[in-house]
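Subject: Structure handover

Dear colleague,

Here is the structure I said I would pass on. My notes on it come after the sequence and the model.

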Amino acid sequence: METQFQQEPKVSFFQTTTAKMIMVGILTLVLIIPLALVQELIVERSQRQKEVITETTSKWGNSVYFYGPILKVPYKDPMSGANNYAYFFPETLNNKTEVTMVKPLERSIYKSNVFTTKMQFDGNYTTPNFASKGIPAENIYWNRAKIMIRTTNLKSLKDEVKMKIGNQNLAFESVANNVNDSIESLETNYFDYKTMESKASFNFTISFNGSKQVKIVPIGKTTDAKMTSNWNSPNFNGNFSPISREITDKGFEANWKVLHFNRPFAQHYFESLPELGKYAFAADFITPVDEYQQNERASKYGFLVIGLTFLIFFLIQSISKINIHIFQYSMIGIALIMFYTLLISITEHSTFSFAYLIAGASVIIMISLYSISILKDKKFPMFIGAALSVLYTFIYVIIQLEDYALLVGSIGLFLILAAVMYFSRKIEWNK
C-alpha cells in the first residue's frame, strides 16, 4: 500500500512576512528624505519671516535700550594737564515704564509685533566727589556740566526729551558717537551744576516706538523700576529678575529693585564711561511659540506617524491575510508627508490650530477612503481612521504642552507599544 505525501507549495521569499517587513522598513527609511525636505521648507519659511519682521520693525523701532541719566563733568588732570570727563550716576533712580502693544505691522502674510513705550524717570544726584582722583577744585569745570543718556533707538523717539533738574529746564540733543559701537547718545547743553542744591533732583519723560524688548541699566545707587503692559506673554531676562510680577490675560505688571551692592560696577568713572548693557534688566515682547516653531515641532513627529501608520496596516495585513502591495504603502506614506505641507501652507494664512484640524482631517479622510479599496472592507478603514485621529490628536496635545510634553509623550508611546504587543501576540511570524 503506497502512501502519498502531498507536498505544500513552496512560498517565494518575497511573499513571506519577513520580506514584507523588510520592504516596509526600507520604505519607511526612504520617506525620511521627503520629510527632511519638508522640514527644510519650514526652516526656510521661518527664516523668511524673521527677515521680513526685522526689516519692518527697523523702520518702526528696534529694541529699546536705556542707559542713563549720567552726570558728565569736565575736569583738568593735574598730572598730565589733559582735559577729561568724570561720569556720575544718580543716588536714586525711579522709573515707571508703560508699554502698549499696538496693531501689528503687516507685510504680505507676515505680522510684526510692535509697541509704544512711555518711560518716566525721577531721582537725584549727590555732590560729585573728585577727592579719590586728587582733582583740585579749581580744575573742575562745574559750569560745563551735562546730562547724558545712551540708547540704541534714537530714530524711534516720539517726542523731544526735556529734563528738569533743580530749578533748570534742559533739552537733550543727539551727539556724535566717538566709540565704534551701536550705542547712541543724547546730551543736554552746558549748565552750572554748582547752582544746584546738594541733592539735585531731576525728572523727565522719554517715549519710544519699539519692538521685541525693553532693556534698562540700573545705574542708581538705589534703582526702583515698575513696568506695565497690555502684553500677556512677557519674558523677563537680563541680569536681574523682578522682585514681584503679576501676569493676567490683560497684561502684566513687574517691579524691580536694584541696590548698588547688587551690581558689580561703581557709581562714578573717570576718563571713560563703561558699557554696562550686560548688567541691565529686560522684558521681551515676542510671541513665545510662533506658527513656524509649532510646524517644526509637528514635523519632528513625522517619522513616528509614518512608522505607526505602516505598523497598523502591516498588522491588519498579517491578521486578515489581505495582501497590501508596497506601492500602496508608498501612496499612504506620501499622503502622510502631504500633511506637513498642507499644515504650513494653511498656517501662513490662518491659525496653527485651524490649519492642523484641516490638514489632519484631509489626510485621515484620504487614507481611510483609500483603505476601503485596499482592504475591501469598511471595518478596517474605520479602525484606521480612528487610530490616525487619536495619533494626530495625541501629537497636537504634545505640541501644545511645554512642561509636561515629555511626560505625556512617554506615557502615550508606552500605551501604543502595549497595544501593538497585544494585537500582534497571535500572529504567526514563521510564514
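The notes below go from the domains to the strands, then to the cores and a few backbone details.

Please keep in mind that this is a predicted model.

Domains. The chain is split into two parts: domain 1 covers 13-47 + 291-425, and domain 2 covers 62-284. Taken over C-alpha atoms, their centres are 55 Å apart.

Strands. Strand β1 (residues 64-76) pairs with strand β2 (residues 83-88) in the antiparallel sense, over 6 bridges. In this pairing V73 of the one strand faces A86 in β2. The two strands make a hairpin, with 6 residues between β1 and β2. In the turn, G81 has a positive phi of about 80°. Strand β2 also has a partner in strand β17 (residues 268-270); these two run antiparallel and are joined by 3 bridges. Here Y87 stands opposite Y269 in β17.

Cores. The largest nonpolar core has 65 residues, and the members that touch the most others are F130, I165 and F285. Strand β1 is the biggest contributor to this core, giving 8 residues. Another core, of 47 residues, lies apart from it; Y329, L343, A359 and L388 are among its members. As background, nonpolar side chains tend to be buried together in soluble globular proteins.

What does F130 touch, leaving aside its neighbours within four places in sequence? Its contacts are V73, Y75, A86, F88, I135, I140, W142 and F270. V73 and A86 in that list are the residues that stand opposite each other in the hairpin pairing.

Backbone details. G68 and P69 are joined by a cis peptide bond, with omega about -5°. P69 has its place in strand β1, the strand that pairs with β2.

Two residues other than glycine are worth a look for their phi values. K212 has a positive phi, near 75°, and lies in strand β12 (residues 212-216). Is K212 buried or exposed? K212 counts as partly exposed because its relative accessibility is 35%, between the limits of 20% and 50%. E271 likewise has a positive phi near 75°, but E271 lies in the loop between β17 and β18 (281-285). With a relative accessible area of 43%, E271 is also partly exposed.

Regards

Definitions and conventions: Residues numbered from 1 in each chain as written. Predicted model: local features only at pLDDT ≥ 70, side-chain atom pairs only at ≥ 80, totals over all residues. Heavy atoms only, no water. Pairing = 2+ DSSP bridges. Helix = DSSP H or I, 4+ residues; strand = E, 2+ residues; numbered from the N terminus. Core = buried A, V, L, I, M, F, W, Y, C linked by side-chain atoms within 4.5 Å. Buried < 20%, exposed > 50% of the residue type's maximum accessible area, 1.4 Å probe, protein only. Contact = heavy atoms within 4.5 Å. Domains from an automatic or database assignment.
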